[in-house]
Amino acid sequence: MALLNDLAKKKEGLVNGHRLCPGCTHSVIMRQALAAADTDKYDIVIAAATGCFEVSTGLYPYTSWNVPWIHSAFENAASTIAGVEAMYKVWKKKGKTNKDIRFIAVASDGGTYDIGLQALSGAIERGHQFLYICNDNNAYQNTGNQRSSATPFGASTTTSPNGTIIQGKTQPKKDIMSVLEGHHMQYIAQASPSNWRDLMDKVKKALDVNGPTYINVIEPCTTGWGFPAHKAIEIAQLAVDTCVWPLYEVVEGKVVINYKPKNKLPVEEYLKPQKRFAHLFKKGNEHLIEEYQKQVDKHWEWLLKREESGISY
Amino acid sequence: MGKKVALTGNEAAAHAIRQINPDVVAAFPITPSTPIPQNIAQYIADGKMDTELVTVESEHSAMSACIGAAAGGGRVMTATSANGYALMWEMLYIASGARLPIVMAVAARALSGPLNIHGDHSDIMGGRDSGWIELVAENSQEAYDNLIQAVKIAENKDVMTPALGAFDGFNISHSIEIWEMEDDDKVREFVGEYEPLFPLLKTEEPVTHGAWAPPDWYFEHRMSQLKGLLNAKDVVVNVGKEFGKAFGREYGIYEAYKMDDADYVIVAMGSVCGTTKDVVDSLRDNGVKAGLLKLRLFRPFPYKELADVLSGAKAIAVLDRVSPAGAQGGPLFNEIRSALYDANNRPPVINYSYGLGGRDTQPVHINSVYDTLKKIVETGKVEKQFDCLNLRGAWG
């Protein structure tokens with residue numbers, strides 16, 4: 001890992017002037033990812049899915065991107081980058097470039113867990129070289145906070161609202177990491193911008209794999225989740241410290257947990273600062289928090305057991 | 001020298017793609033165009049072409065990968081039909097909006113439901129406003145020739161618009177015909193090298209592809225795109241002439257078959273034109289002034305040229321291989337009729353749906369159309385503006 005001093009001097013791939021909300025972590029995550037890329041060794045080309053990050057950074061006639069970047073639609077970041085990567089193979093073969101180029105596709109949970117899952121699965125199975133980064137903000141935030149399969153249990157969104165008889169989303173969040181594990185990639189990981197060295201290590205590792213890799217990153221959303229703009233990184237840290245968002249890698253099928261909180265905090269610590277969970281703290285809804293805690297504990301225990309077993313593919 | 005071969009329309013398309021040898025093909029199999037990606041895969045496996053084939057998991061991803069590859073910087077082709085084309089729909093607009101000169105072979109087929117795998121024009125007519133150039137072939141020879149020309153048309157700097165070469169599913173895609181296959185080097189020489197304008201892979205000059213356009217820019221983008229599409233008309237003619245010089249078969253935007261003094265005219269596209277030509281010949285033998293206007297270029301629609309060539313007719317029947325779907329008639333009918341509105345002479349125009357879902361259209365049906373046209377001229381009356389050919393029971 002480079003020194004902070006050196007990183008600060010590095011040419012930025014995503015520059016200022018974009019239109020993301022104050023306190024949004026999309027740009028934080030991408031800047032960490034691009035800082036991690038060893039751009040002395042290779043160049044980066046990015047494909048983005050439609051979403052907050054895309055509309056805020058690629059608005060004609062402006063662009064915030066200082067690296068080659070393409071957006072085409074919502075559900076196809078993976079198949080779009082697959083096409084670019086296929087053309088790169090041709091350029092190499094025909095001697096049109098002698099550069100080492102590595103590819104990143106970036107989408108949020110809507111474009112990954114839901115509408116883009118098929119394209120992602122196909123591109124992984126075909127073995128294209130690309131790192132897919134999912135900035136998981138737990139709902140369709142670009143259209144104004146509708147529930148996705150990444151929305152956690154109990155969260156109130158505009159299509160899973162808290163009401164008088166239903167209290168937010170009734171289903172648990174999809175375990176996308178397990179879905180992707182089934183593709184037997186060499187490297188997949190879960191990361192958080194709060195633990196930036198860990199995130200950067202993961203990006204660097206993933207980009208060095210000659211094949212598909214995946215990193216799932218928690219992307220706290222100030223407007224959708226309902227917390228003050230300066231709290232995003234704190235919220236991410238609370239997700240990590242409550243084990244709502246475990247930091248781990250799956251290397252050739254082997255689980256490596258990168259961070260085990262010394263004091264595993266109760267989920268309330270994570271839920272309380274967010275308006276989307278406010279109703280869970282109303283009298284009579286205690287069982288919903290208990291259920292939330294149960295789901296988190298179950299998953300964490302399962303991960304610990306996976307790690308302990310040490311099994312790989 | 002080229003050689004005469006007896007092969008199917010799909011094989012004609014596959015050979016055209018092999019000879020063009022595009023940088024990338026991304027395709028997903030669907031009847032009746034499946035043999036195209038199959039043959040391409042075999043050519044690659046046998047070292048006969050060195051295209052990078054991306055065997056995607058859906059047609060949506062096929063067109064998405066084509067877009068990524070073309071923006072990456074190079075020549076890109078694909079093939080599809082029917083529901084596959086429909087699944088690409090969103091991406092068809094994005095390909096043309098991004099001004100990426102992708103070329104696609106379409107074995108035209110009916111859209112579900114009910115499920116039907118046979119030929120008609122529901123797919124390419126449904127996508128007619130997606131901003132693509134649409135060339136329609138009468139036979140395997142034209143399917144082959146059109147794809148080769150489509151590359152040059154689409155990549156022309158004044159056009160930079162994706163193009164599809166359509167041919168009727170099964171009628172052409174699966175029928176063996178004798179056609180002339182040109183030499184590989186001649187075809188490669190004809191299409192030439194393609195220099196992409198803003199390749200993503202030129203990382204030293206980073207570009208942004210696919211920025212979104214708010215209300216103060218979207219309109220200008222669409223109109224600039226339209227200019228490129230409209231420019232294709234003259235380019236189609238020029239490339240058709242060049243093709244004639246290179247290979248002896250010249251093409252225009254339409255073929256006027258015995259139209260010079262024709263009173264009774266059928267306007268159609270695709271394989272039905274072969275049947276219609278036979279009927280025209282026998283009617284001519286009997287002194288009936290029948291003619292056929294076979295349209296080759298449907299998008300951009302050459303309305304002025306068509307009005308000029310049609311305004312001398314006494315009565316016109318337009319054959320649409322789709323359902324009018326609630327419009328006054330089929331899309332070809334509406335466009336032809338609209339084109340004639342400004343002509344000095346406005347002959348009556350009637351419309352037929354025919355051949356839906358692979359329904360056979362035989363000389364007897366085409367003859368009945370000419371009979372109706374004669375009756376219209378004799379009586380001065382149009383009894384049915386819209387009718388169907390070879391439909392069980394009478395329409396309307």
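Let's start at Glu290(A), which is exposed, with a relative accessible area of 54%; exposed means over 50%, buried under 20% and partly exposed in between, with a 1.4 Å probe and protein chains only. This is a predicted model, in which local features need pLDDT of at least 70 and side-chain atom pairs count only at pLDDT 80 or more, while totals for chains, interfaces and linings use all residues. Residues are numbered from 1 along each chain as its sequence is written, chains are lettered from A in the order in which they are written, and side-chain values use heavy atoms, without hydrogens and water.

Glu290(A) sits in helix H12 of chain A. On the surface, Glu290(A) joins Glu268(A), Glu269(A) and Glu286(A) in a patch of negative charge. Patch residues have over 30% relative accessible area and no salt bridge, with like charges joined within 9 Å and nonpolar side chains within 5 Å; a salt bridge puts a side-chain nitrogen of Lys or Arg within 4 Å of a carboxyl oxygen of Asp or Glu. Helix H11 (267-271) and helix H12 (286-309) of chain A each supply at least two residues of this negative patch; helices are DSSP runs of H or I with at least four residues, and strands are E runs with at least two.

Chain B offers a nonpolar surface patch of Phe219(B), Met223(B), Leu226(B) and Leu230(B), with about 400 Å² of accessible area together. Phe219(B), in helix H9 (residues 218-247) of chain B, is exposed at 58%.

Now turn to the sheet. Nine strands form an open, mixed sheet in the order E10(A)-E9(A)-E7(A)-E8(A)-E4(A)-E3(A)-E1(A)-E2(A)-E9(B). Its edge strands are E10 (254-257) of chain A and E9 (208-209) of chain B, each pairing on one side only; pairing takes at least two DSSP bridges between two strands. Within the sheet, E1 (residues 43-48) and E3 (residues 101-108) of chain A run parallel over six bridges, and Ala48(A) has Val106(A) in E3(A) as its bridge partner.

Notes. Accessible areas come from the Shrake-Rupley method with a 1.4 Å probe; for residues, only the protein chains shown count as cover. Lys and Arg count as positive and Asp and Glu as negative; His and the chain ends are not counted. The place of a charge is taken as NZ of Lys, CZ of Arg, CG of Asp or CD of Glu.
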